[in-house]
Amino acid sequence: MKQVQISVRSLVEFILREGDIDNRTAHDQVNAMQEGGRLHRKIQKEQGSEYHAEVPLSYTHFTDDDIAIIIDGRADGIIDSFPVTIDEIKGTYRHLDKMDDPVGVHLAQAKCYAYIYALQNKLENIDVRMTYVNMYTENIRYFVSSYDFSELKEWFDDLLKEYEKWVRLDLEWKDKRNASIKSLEFPYDYREGQKELVTHVYHTIVHGRKLFLEAPTGVGKTIATVFPSVKAMGEGKADRLFYLTAKTITRTVADDTVGLLRKNGLSFKSIVLTAKDKICFLEERMCNPEACPYAKGHFDRINEALFAILSKEENYNRETIEEYAKKYEVCPFEFALDISLFTDMVICDYNYLFDPHVYLKRFFAEGKKADNIFLIDEAHNLVDRGRAMYSALLCKEDVLALKKSVKIYDSILVKRLESLNKELLSLKRACAETGKAAYHVYDDISSLVRSAERLYDRLLDYLENHDQSPVRDEVLDFTFILSHFLYIYELMDEKYVMYGYFGGEGAFYLRLYCVDPSDNLKACMKRGVSSILFSATLLPIRYFKSLLGGEDEDYEVYANSSFDPAKRAILLAEGVTTKYTERGPAQFERIAGLINKITSARKGNYMVFFPSYSFMDSVFKAYEAVYSSEGILIQGDRMSEEEREEFLNRFMNADEHKEESLVGFCVLGGIFSEGIDLQGENLIGSLVVGTGIPMVCDENELIKDYFDRTDGDGFGMKYAYIYPGFNKVLQAAGRVIRTHEDVGIVALLDYRFAYSSYKELYPREWKDVVKITKESASDELMRFWNKYI
């Protein structure tokens, strides 16, 4: 007999949802859940001896075709009186005197508990009490209803009858999916080392561990991670696959990979989640029924739209989602999230797993079964993303600006803003004593946090009672900032630093900085059975393993490159550097001369990556003073999407103009140094100017100090500067040689690459690095190119 399990809350919120989407509130769900839980416990403790709190209830419903649907949950309270009363407690930010009736799905949840308890205890009558508690005032209001068992049974049977069709739809699909997985074969002949890679991924999933995988370009890492994950799902090791990445292009590759497996017989439902701002049908996103026709009545129509698309489609890309969303007049973003619950694979940004506010609570809320596999592509990006997601910033000038805006509307709000401003002023003075060019680390900001909490309560109250306020948007924006700040403060431990600094125009900022995001990322990955973190530049693996939540028992694998190393020349230029102490006109001229020598040895397309825009500009001026600037393309600062496409399009179809040279001057770590795929003649050379060491700044110095303190002297420099910088170098170098047929060169233009501290970071496929000078460059390059021309 097949079994399906669902919580009472999930059941009623899915089947009985109705009404509009309306985001005109600032209630952070994470903070609201924490505060709601505290009030639940407080109310339960205040009840008498006849009150039984958190009573587990479960009921199994058997369908006519032998499916067991298990419905379970915990009643907040059962009052042993006559008649017995089921108590359901809900925290709310609404004013209780404005409530005429309990919320429909809240009452439905309590009625489910009432039916189960009455059935199992043979009760003919039972009461339901809805207990609403205001989250700021802690005032309470009750709504009491009485029910005969017969009417509860009729209502509950109708509820389950409606749910049965969704269960059958899902189970029939999974039978079809699993049968197709069983017969699925790898779609290609295995490349060298690829079968071993597939085996490593599969064994990691089976053992419920994490795998940190350095997978050089050409290994076929997408198919080599997706295929074994799908096979593991077919064997019941997991129920859903998440493919997480930071870039749109890699999401497209993942989607194409699933499409390839479908062509080979796989039945597999997959969805690509598009950001809300991009998929919204309105020019300006406003998610409320007054501004958006798709938000108005969305929940009245969503289940009909959902059943239609699930019954007919298998690949839920943006175009398909938009087509059905327009047909049924539902919000395309919320529609996509609902579809994802019924898919086998979700392809999405890191945010949907790791961000503390954006993560998919429908999958990862506390108590949800952790039956997911996480494939985390381009995992080298997750260190900085993790730090950003789990850090918070508060600006003193923002507090003053809001105080000025609300001055004529709410005197209490003004006083609480002033209180927070005074706390920030005290921290500002301490920072000023250090000097405006530096930062100041704080040991204790508890007084400020208490002030911020009082302000936060008042902000919520203002928003709840001033729907039409002319400053509402400004208040709402600041409320989200403060909510995030308070949430991050609660997370803080020894892996955080609290510091203040001065920004532009003397503005003062207080930063809660997550120096080491490993614990936060690890907690997120525990929402799955296994995580595979992979990248073409995950070196050194132990560095990434330590910062991305790896544990001693987790695995590390360095996949062998399947490319012929003879088709790529690695050149190391002597006599040039980007060291600050050696910068100047003479150095810029030497670098310009080397660029000319290397790109003149053979006509074709090249990219040169510089440490900054200013350095690039200095070298370009030195270059055009001696050589022709014809054929030089320069990356602009803040290029639009159209400008980026135009820049890249110049490198396309190089076979048609082999007698011309094109040299792109780009910034290392920028939009063209990773995530672009120029194959064959479209790019034959990547020149990296400098070692990629990030600029000295407050946050990098804090990272350096932290790891010197925790791991010993020397580690801080590596973790803050050398490793992140060299990763940028590897990314830029990886733009050339994208297929087995490609031939190209990588030139490292800085003598420091010969230092042992850098040589130990070389990928293993960099076996024969050839040192060159401006004088020897032409001969070395001709020897290489003559083998392939």
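In helix α16, the buried residues include Leu-413, Val-414, Leu-417, Leu-420, Asn-421, Leu-424, Leu-427 and Cys-431. The model examined here is a predicted one. Helix α16 covers residues 411–434, and at 1.5 Å a residue these 24 residues should span 34 Å; the C-alpha atoms at the two ends lie 35 Å apart, which agrees with that expectation. The N-terminal end of α16 is capped by Asp-410, a side-chain oxygen of which sits 3.1 Å from the backbone nitrogen of Ile-412.

Helix α16 also takes part in a charged pairing. Glu-418 forms a salt bridge with Lys-403, with 2.4 Å between the closest N and O atoms. Because Glu-418 belongs to helix α16 and Lys-403 to helix α15 (residues 396–406), this pair ties together parts that are 15 residues apart in sequence. Lys-403 is partly exposed, its relative accessible area being 25%.

Turning to the wider set of such pairs, a search of the whole structure finds 41 salt bridges. One of them joins Lys-210 to Glu-551, with the closest N and O atoms 3.2 Å apart. Lys-210 lies in strand β7 (residues 210–214), whereas Glu-551 is found in the loop between α20 (541–547) and β18 (555–558), so the pair ties together parts that are 341 residues apart in sequence. Lys-210 counts as buried, at 8% relative accessibility, while Glu-551 counts as partly exposed at 25%.

Another salt bridge brings together the side chains of Glu-334 and Arg-362, at 3.8 Å from N to O. This pair links distant parts of the chain, 28 residues apart: Glu-334 sits in helix α11 (residues 332–340) and Arg-362 in helix α13 (residues 361–364). Arg-362 is partly exposed, with a relative accessible area of 25%. Salt bridges also connect Asp-170, Lys-174, Arg-177, Asp-239 and Asp-344 in a network.

A polar residue in helix α9 (residues 298–312) also deserves a look, namely Asn-303. With a relative accessible area of 15%, Asn-303 falls under the 20% limit and is therefore buried. Its side chain reaches the backbone oxygen of Phe-14 at 3.0 Å. Leaving aside neighbours within four places in sequence, Asn-303 is in contact with Phe-14, Ile-15, Arg-17 and Trp-166.

On the surface, Ile-140, Tyr-142 and Val-144 form a nonpolar patch, and together they have about 270 Å² of accessible area. Val-144 is part of strand β6 (residues 140–148). At 56% relative accessibility, Val-144 is over the 50% limit, so this residue counts as exposed.

Notes. Residues numbered from 1 in each chain as written. Predicted model: local features only at pLDDT ≥ 70, side-chain atom pairs only at ≥ 80, totals over all residues. Heavy atoms only, no water. Helix = DSSP H or I, 4+ residues; strand = E, 2+ residues; numbered from the N terminus. Expected span 1.5 Å × (residues − 1). Buried < 20%, exposed > 50% of the residue type's maximum accessible area, 1.4 Å probe, protein only. Polar contact = N/O pair within 3.5 Å; in protein donor to acceptor, adjacent residues only side chain to side chain. Contact = heavy atoms within 4.5 Å. Patch = residues over 30% accessible without salt bridge, like charges linked within 9 Å, V, L, I, M, F, W, Y side chains within 5 Å. Areas by Shrake-Rupley, 256 points an atom, 1.4 Å probe, with all protein chains shown as cover. Salt bridge = Lys/Arg side-chain N within 4 Å of Asp/Glu carboxyl O.
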